[in-house]
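Visitor: I would like a close look at one part of this model, the space enclosed inside the protein, and then a careful walk outward from there to the elements around it. Please take it slowly and keep the residues in view.

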Amino acid sequence: MTAKPHATRYLCLHGHFYQPPRENPWLEVIEEEEGAAPYHDWNERISAECYGPNARSRILDERGRVARISNNYARISFNFGPTLLSWIKEKAPAVLKGLERADRQSRRMMAGHGNALAQPYAHIIAPLADPRDLETQIRWGITAFEFYFGRRPEGMWLPETAVDLRTLETLAREGILFTILAPHQAGRFRRVGKKEWLPVEKGLDTRRPYWCPLPSGKRIALFFFDGALAHGIAFQDLLKNGDDYYRRLTEAFDPEDPGPQLVHTATDGETYGHHRRFGDMALAYALHRLEEDPAVTLTNYGRFLKMFPPRQEVEIHEGTSWSCAHGIERWRSDCGCRAGGWEQHQRWRAPLREGLDRLKKALDDLFEEKGSRFLKDPWSAREAYVRVILDRAPGNVDEYFREQGRSEKLPAADRVQALKLLEMQRHGLLMFTSCGWFFDDISGLETTQILKYACRAVQLARDFGQDLEPLLLEHLGRAPGNRPEFADGQQVWEKLIRPAAVELPQVLAHQAVSSIYQAPEARSRVYCFDLTNLDPIVRRQNGTRLALGRLRVRSLLTEEELEMIYGVLHFGGLDFHCRLRPFQGRKRYEAGREELLERYRSGSMGEVYDRLKEIFGGNPYSLKNLFREERHRLIDLILKERLGAYHKQFREWVSADEGVIRKLAEWQVPLPPAMRSVLKHSINQAWEEALGDESSPPGRWEVLGRLVRRMEKLGFPVNREQLGENLRSRIEELLRRLPGHPHPGTLFDRLRDLLRGAQGLGLPINLWSVQDAFLDACLLADHLELGVREGYERLAAEMELGKDVLPFN
């Protein structure tokens with residue numbers, strides 16, 4: 001990316017990488033999303049298809065072997081939404097490492113100008129935001145950028161490129177030098193110092209930057225991307241072939257212009273791999289060709305702006321965006337822009353916007369009134385709260401309150417109240433995420449997500465004596481849907497949103513029921529809650545179980561605490577009955593516990609059940625009240641013993657009937673379906689058990705080889721593809737443990753053994769996927785000792801990768 005002699009042709013590609021926040025507002029995790037299968041959720045899927053590949057994209061040689069590994073982020077301009085980066089930090093650390101490394105590398109190559117751009121914290125439509133909220137969103141975005149990239153941003157991407165002068169004024173006031181817009185957002189232009197304005201039809205050149213003069217007297221640089229190029233990348237076939245992509249990019253220069261020019265364009269970053277499969281590889285190859293082209297210099301916006309300041313200025317069309325032909329109406333009216341079929345209306349958009357605007361105003365009034373009791377300046381405290389969102393370590397929260405609290409050491413109860421108010425504001429900002437209006441129905445995934453943020457904000461407001469739900473429902477009732485089961489927004493709220501809310505007793509009930517089948521730890525964590533398990537007791541008798549104890553829960557977000565006693569009666573199978581009651585002193589608690597234990601010992605389940613209801617009162621909880629994914633995990637534990645009995649019975653049946661099975665195979669008579677199912681299950685179980693035995697690797701492969709040969713003799717050849725897939729999963733699990741492992745040599749040996757064993761048995765392994773996991777391990781491997789580095793290099797050879805392509809730091 002270094003400048004070439006006498007360079008006048010510069011090129012910059014921008015990727016806007018973004019996914020809406022998908023976290024459950026009460027649990028702060030993304031729950032399983034069925035549409036993303038076989039991945040857990042859409043973030044995980046898109047990361048596997050796009051974010052990860054662009055940090056380690058392959059360039060192949062003429063034989064189809066990996067010749068180079070390209071970190072595409074080091075050679076393009078990019079921005080990642082802060083909420084997405086928080087997920088990447090926890091769930092895809094190799095991607096974050098690739099982004100950080102790319103920005104550092106670009107700064108070295110571009111005279112201190114990095115490729116990364118900032119973005120407002122939530123993906124809001126800036127012209128529709130309250131002025132104070134807009135300022136907060138931009139400041140939070142800048143602080144988040146500094147947190148992840150260790151520097152101030154030069155440029156900021158505006159969500160949907162939605163823009164007006166107020167937004168540009170806010171950017172300029174916060175020290176942002178430039179942003180990127182679509183060409184149709186330019187109004188008129190002129191040379192700096194000239195009086196006459198020219199319409200864009202007279203030749204707005206997207207290969208030049210422009211100053212946009214602002215009412216305050218400030219100015220900001222604007223880059224208008226090449227719209228035809230963007231359309232070709234996103235919606236045509238430019239990414240099918242890297243050579244074609246390279247040629248199309250170089251053809252975008254003006255051959256008649258000898259002066260410096262910047263060909264640049266912007267698309268959703270997900271185009272490179274998610275929307276367009278292997279788009280990352282086309283990008284990597286085109287970038288490689290551009291680097292070798294002596295007539296073209298890859299650059300980024302900050303570097304080009306520094307080298308060639310604008311000589312022209314421009315006025316914008318206010319209230320416009322890149323994805324709505326009607327300006328910004330897509331996010332507040334039924335303008336006709338939609339993602340799906342034409343038979344659906346979007347008349348729900350306006351009432352939704354109006355309702356959330358009114359709710360936010362009420363939340364703001366409450367925040368200002370109540371927050372002044374605990375915080376020196378509530379609005380300054382909100383600005384600074386992003387530091388807590390980014391790092392909730394106790395010491396960091398303490399420092400925040402030393403700076404922002406009304407007293408040097410705010411009492412614990414006051415801290416809880418202050419944090420509730422601040423979390424109320426956070427969710428109030430998140431509920432304006434643009435995706436909530438982008439799609440076709442108010443019951444859709446993205447809209448219900450922003451309504452859940454609203455629900456969480458409403459729930460927190462109730463703790464301060466205000467019920468704002470009726471205010472919002474008044475508007476949702478006027479928001480018609482497209483599906484008969486969700487006639488309007490109020491039905492969506494009542495059926496999908498309100499039932500999703502979580503209260504602290506539900507967290508305690510979840511842990512209490514779980515204690516039946518898991519040895520309770522003194523301290524544990526469930527999502528964003530810390531739990532302390534005090535004097536738990538579990539008794540078993542005649543297929544039933546009784547759990548009694550005391551639990552304390554503490555929110556890691558608001559620091560709110562609740563202590564309750566619990567009683568759980570398990571009748572067997574999936575039949576649980578749980579009750580909770582506030583802890584009201586040790587004497588009363590111990591008396592009730594002893595009485596229940598005595599009744600349980602007597603063997604009368606009816607008496608225990610009745611007395612449990614009398615002692616605890618309140619509403620009962622059952623397995624269905626547990627959090628969905630944790631419920632699935634607990635069900636697996638509950639059924640593990642039964643499944644073990646099934647496995648044993650199946651093996652006995654197969655062993656007893658092996659002679660019959662062989663005869664049927666010899667006579668070419670198909671196995672009866674029931675017998676075939678039992679045999680298939682027995683094979684898979686035997687494979688899993690043998691593969692899981694790490695005590696003697698050579699012996700393991702001998703066992704597996706005998707299993708394969710045995711099944712072939714029975715006329716039931718093993719499903720080699722499925723076995724190979726199981727083996728791939730095991731290999732990738734070990735690779736994820738490799739970075740930072742205290743004994744990497746042991747893992748290297750196990751990984752080589754698995755790879756060679758698969759080859760010996762002729763099992764097909766998805767080598768591409770295994771290479772991805774290995775390259776991620778390399779990205780995360782820092783400061784390797786010589787012996788460990790050599791271990792990585794030897795393992796690379798087993799995966800058909802040359803040691804010179806490994807993306808070490």
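**The enclosed spaces and their surroundings**

Guide: The lining of the second largest cavity is made up of eight nonpolar residues, two polar ones and no charged ones. The model in which this cavity appears is a predicted one, and a search through the whole of it finds two cavities of 30 Å³ or more. The second largest cavity holds about 50 Å³ of space, and the residues that line it are Phe80, Pro82, Leu85, Leu117, Ala118, Gln119, Gly141, Ala144, Phe145 and Phe149. Two elements give two or more residues to this lining, namely helix 2 (82-91) and helix 4 (131-149), and helix 4 gives the most, with four residues.

The largest cavity contains about 60 Å³ of space. Its lining consists of Leu548, Gly549, Ile565, Tyr566, Arg581, Arg588, Tyr589, Gly592, Arg593, Leu596, Ile615 and Phe616. Strand 18, strand 19, helix 20 (586-602) and helix 21 (605-616) are the elements that give two or more residues to this lining, and the largest share, five residues, comes from helix 20. By class, the lining of the largest cavity has seven nonpolar, two polar and three charged residues, whereas the lining of the second largest cavity has no charged residue.

The two strands named in that lining lead on to a sheet. Strand 18 (residues 544-555) and strand 19 (residues 561-572) pair in the antiparallel sense over ten bridges, and within strand 19 it is Glu563 that stands opposite Arg552. Both strands belong to an open sheet of five strands, in the order 16-17-18-19-20 and with antiparallel pairing. Strand 16 (523-526) and strand 20 (575-582) stand at the edges of this sheet, and each has a single partner strand, so one side of each is left without a neighbour in the sheet. On average, and with direction ignored, neighbouring strands of this sheet are turned by 30 degrees against each other. Helix 19 (residues 504-514) lies across strand 16, strand 17 (529-541), strand 18, strand 19 and strand 20, and helix 19 runs at about 40 degrees to strand 19.

From the enclosed spaces we can turn to an open one. The second largest pocket has a volume of about 1000 Å³. It is lined by 33 residues, of which Phe235, Asp268, His275, Trp322 and Phe438 are the closest to its centre. The elements that give two or more residues to the lining of this pocket are helix 1 (42-55), helix 6 (227-235), strand 11 (261-268), helix 15 (435-438) and helix 16, and the largest share, five residues, comes from helix 6. The lining of the second largest pocket divides into 16 nonpolar, twelve polar and five charged residues.

Helix 16, which takes part in the lining of that pocket, also packs against another helix. Helix 16 (residues 445-462) and helix 18 (residues 489-497) meet at an angle of about 80 degrees, with their axes 11 Å apart. Angles of 65 to 115 degrees count as roughly perpendicular, and helix 16 and helix 18 are therefore roughly perpendicular to each other. On the side of helix 16 the contact is made by Thr448, Leu451, Lys452, Ala454 and Cys455, and on the side of helix 18 by Val492, Trp493, Leu496 and Ile497. These contact residues divide into seven nonpolar, one polar and one charged.

A second helix pair is arranged in another way. Helix 26 (residues 720-737) and helix 28 (residues 767-780) pack at an angle of about 5 degrees, with their axes 9 Å apart. Angles under 35 degrees count as roughly parallel, and helix 26 and helix 28 are therefore roughly parallel to each other. Arg728, Ile731, Glu732 and Leu735 of helix 26 make the contact with Ser769, Val770, Ala773, Phe774 and Ala777 of helix 28, and the residues of this contact divide into six nonpolar, one polar and two charged.

One hairpin completes the walk. Strand 2 (residues 57-60) and strand 3 (residues 66-70) pair in the antiparallel sense over four bridges, with Leu60 opposite Val66 in strand 3. Five residues lie between the strands of this hairpin, in which Gly64 takes a positive phi near 85 degrees.

Note on methods:
Residues numbered from 1 in each chain as written. Predicted model: local features only at pLDDT ≥ 70, side-chain atom pairs only at ≥ 80, totals over all residues. Heavy atoms only, no water. Axes fitted to C-alpha atoms, helices over the stretch in contact; angles between N-to-C directions. Parallel < 35°, antiparallel > 145°, perpendicular 65-115°, else oblique. Contact = heavy atoms within 4.5 Å. Nonpolar A, V, L, I, M, F, W, Y, C, P; charged D, E, K, R; others polar. 1 Å grid on protein atoms, 1.4 Å probe; cavity = no way out; pocket = protein on both sides within 12 Å on 5 of 7 lines; lining within 4 Å. Points joined across faces, edges and corners; volume = space filled by probe spheres on them. Pairing = 2+ DSSP bridges.
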